[in-house]
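Thank you all for coming; I would like to walk through one structure this morning, beginning with charged pairs and ending with the nucleic acid. Please look at the sequence and the model first.

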There are 2 protein chains.
Amino acid sequence: MIRDLEPLLPASAQPVLCETELVAVLVCISHNTPHILTLEHGRSFPSGPLMVEHRSLQKGMRNWVERQTGLKLGHTEQLYTFADPRHGHGHQMVRISYMAFIRENSEHALAAHSIYDYFPWEDRRDPASTTLLHTIAGRLRLWASGNAQRWQRCATVFGLDGHHWNDELSLQRYELLWEAGLVAESNWQNTPLLPGLSMVRDYRRILATALSRMRAKIRYTPAVFDLLPQQFTLLQLQQAMESLAGRFMHKQNFRRLVQQQKLVSRTAEYDSPVQGRPAQLYQFAPEMAEHCYLAGAKLPLPAIS
Amino acid sequence: MIRDLEPLLPASAQPVLCETELVAVLVCISHNTPHILTLEHGRSFPSGPLMVEHRSLQKGMRNWVERQTGLKLGHTEQLYTFADPRHGHGHQMVRISYMAFIRENSEHALAAHSIYDYFPWEDRRDPASTTLLHTIAGRLRLWASGNAQRWQRCATVFGLDGHHWNDELSLQRYELLWEAGLVAESNWQNTPLLPGLSMVRDYRRILATALSRMRAKIRYTPAVFDLLPQQFTLLQLQQAMESLAGRFMHKQNFRRLVQQQKLVSRTAEYDSPVQGRPAQLYQFAPEMAEHCYLAGAKLPLPAIS
DNA sequence: GTATATATGCTCTTAATGAGTATATATAGC
DNA sequence: GCTATATATACTCATTAAGAGCATATATAC
């Protein structure tokens, strides 16, 4: 019962050396849409090697990103580690991916592609996404024909057949499209592709992971506030949430949630709009920093299929 | 707007080579309690080096675990990757941790320590946990005295001051105890320790991550079924959920959930109990495999503090 | 029978969520 | 002043999920 396992490998096993790279998915919001900072014309993420002097992976990543770009990183989390076996050279290549939030700021008009350029079906605010999802549903139905369990999977993941659209399933959706050969990265049979930019290696999969994670994260932590300026209007806050979740929310219910939880406090200042009543500016009230809940104010989506 | 970032590091930067190790948290249920397979008298996890021939990290891990132990791995997921800077040798050591489920089976009476031997406060089924949490609350109050925000954090994470106990926060709880110097790994000042086994390096933190993850995972995926035998009674299923969540559930409401979702189908067979009516044996019905929801049948917990 | 455990059927309260209606307030431009 | 525009609030209401309790069959061993 309390006996130990034998050591699983002989002590004589030679350690294998790997190249190790840190990959950063840097997210910021501009023009009401989440963007990522990219390299190689939107096909790659910034990355750097792990150094001997780095005391932790996260610190290593923050270090070189902040030094090289001058950007301050907000909420940071590890996404996934993957190996690249086709790397050759007789040793492995390991990549460790991170996601970090950058505060909205006109300065870094750098480098940004909209996340939804890569996953057009994920932005349910755009009416075109419903049409696209119709197309996708048709293609998946073909792919799944005869295989009931496979279709069941498509239906739950894409919100078909009376299932609800779950915005956090963007990774599963991408994986399903990959399996079905509908994205450039897996398009072995030259069937017509779905719209959406692709990336090098499996970086688009990493981006899908990031999208899933950020959608999950903003629901129950105050991470959104790391994407907004220090002062913001409640509408800005709502639109930031909407842009990440890819769907609209009910204004009154959203404010009910925000204010019940005392997540923000009003400042003395006001927005200066082109037209209309100036909006009150708020700031994040970190007293309630540990937990919050900002979902639960969704508006209905048009049905697919 | 659509401009690329400059490459962040000069091409001349030398790649740094790392030793890379795969660490496995192997979980199984026995005696109504989740257990882990351990090495070094419960202080370490089985691990093995990444080999050049491994085509993916997950496959690499499955390969050597299954070959060395003869165990079949069920639901498997990557937990976290971390660097060990104190490793010396002029190069880094990178460890990639995985969690995998093993089916309940009397054979592997191997190597198992209860997860709650490491985190006694996490098993709220045990009445002793409430007493222990009283102690912890007192110690944390001392540690946080004067720092309102710090106390706020303790309260939400440990379910104090009218907050609810959230079983998925086991990692945050361990981290808080670490920061407060109440666990062996961070006990710099020789204050009295909390009960609970410790592990080498930061392996106990990895275990806390695993506990958080599995508690989150079993709520909305059918991963529990990878811990149970092929055929099981509904009570067994409920007790498996309870053992992972560390809290009791309401029998009638639990069955309402299971049966509404058609997660299981009855077999022709029955349990053979020592006493009492024999229980019907069920099996997992993978038609609904994609998503399920098995939380939402909790019983009230005694208040702490 | 009796003890024990499985198995099931209801009811009820509370709270969260989703959704709608109405209205007051503050600016710019005419 | 009036209008267009946008912010900001105050309510109400229906539906559902979650939590909790009560009662009662049913099948076995002793």
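Let me fix one term before anything else: by a salt bridge I mean a side-chain nitrogen of Lys or Arg within 4 Å of a carboxyl oxygen of Asp or Glu. What we have here is a predicted model, in which local features need pLDDT of at least 70 and side-chain atom pairs count only at pLDDT 80 or more, while totals for chains, interfaces and linings use all residues. Residues are numbered from 1 along each chain as its sequence is written, chains are lettered from A and ligands numbered from 1 in the order in which they are written, and side-chain values use heavy atoms, with hydrogens and water left out.

With that cut-off, a search of the whole structure returns 25 salt bridges over all chains. The background is simply that side chains of opposite charge can pair when their charged atoms come close.

Let me take the pair Glu21(A) and Arg95(A), which form a salt bridge whose closest N and O atoms are 2.8 Å apart. Glu21(A) sits in strand β1 (residues 17–30) of chain A and Arg95(A) in strand β5 (residues 92–102) of that chain, so the bridge ties together parts that are 74 residues apart in sequence. Helices here are DSSP runs of H or I with at least four residues, strands are runs of E with at least two, and both are numbered from the N terminus. Both Glu21(A) and Arg95(A) are buried, where buried means under 20% relative accessible area, exposed means over 50% and partly exposed lies in between, computed with a 1.4 Å probe on protein chains only. These two residues also belong to a network of salt bridges that links Glu21(A), Asp84(A) and Arg95(A).

Another pair in chain A is Glu77(A) with Arg213(A), whose side chains meet in a salt bridge at 3.1 Å, N to O. Here Glu77(A) lies in strand β4 (residues 73–84) of chain A and Arg213(A) in helix α6 of chain A, so this pair connects parts that are 136 residues apart in sequence. Glu77(A) counts as buried at 10% relative accessibility, whereas Arg213(A), at 24%, is partly exposed.

In chain B, the side chains of Arg62(B) and Glu66(B) meet in a salt bridge at 3.9 Å, N to O. Both residues lie in helix α1 (residues 57–69) of chain B, 4 residues apart, which is about one turn of the helix. Arg62(B) is partly exposed at 23% relative accessibility, and Glu66(B) is partly exposed at 25%.

A word now on backbone geometry. Which residue in the loop between α5 (170–179) and α6 (203–220) of chain A deserves a look? It is Arg201(A), found in that loop, and Arg201(A) has a positive phi of about 45 degrees although it is not a glycine. At 41% relative accessibility, Arg201(A) counts as partly exposed. In chain B, His41(B) likewise has a positive phi, of about 55 degrees, without being a glycine; His41(B) falls in the loop between β2 (33–37) and β3 (47–49) and is exposed at 70% relative accessibility.

Finally, the DNA. Taking a residue as near a strand if one of its heavy atoms lies within 4 Å of it, we find 24 residues around DNA strand D, the closest being Leu235(A), Gln280(A), Gln252(B), Asn253(B) and Arg277(B). Of the atoms of strand D that come within 4 Å of the protein, sugar and phosphate account for 59%. The largest share of the surface near strand D, 3 residues, comes from α8(B).

For polar contacts to DNA, the criterion is a pair of N or O atoms within 3.5 Å; within protein, one must be able to donate a hydrogen and the other to accept it, and residues adjacent in sequence count only if both atoms are side-chain atoms. A polar side-chain atom of Arg277(B) lies 2.9 Å from a base oxygen of strand D, and a side-chain N or O atom of Arg277(B) is 3.1 Å from a base oxygen of DNA strand C. Tyr293(B) places a polar side-chain atom 3.0 Å from a phosphate oxygen of strand D. On strand C, a polar side-chain atom of Gln252(A) lies 2.6 Å from a base oxygen, and a polar backbone atom of Gln280(B) is 2.2 Å from a phosphate oxygen.
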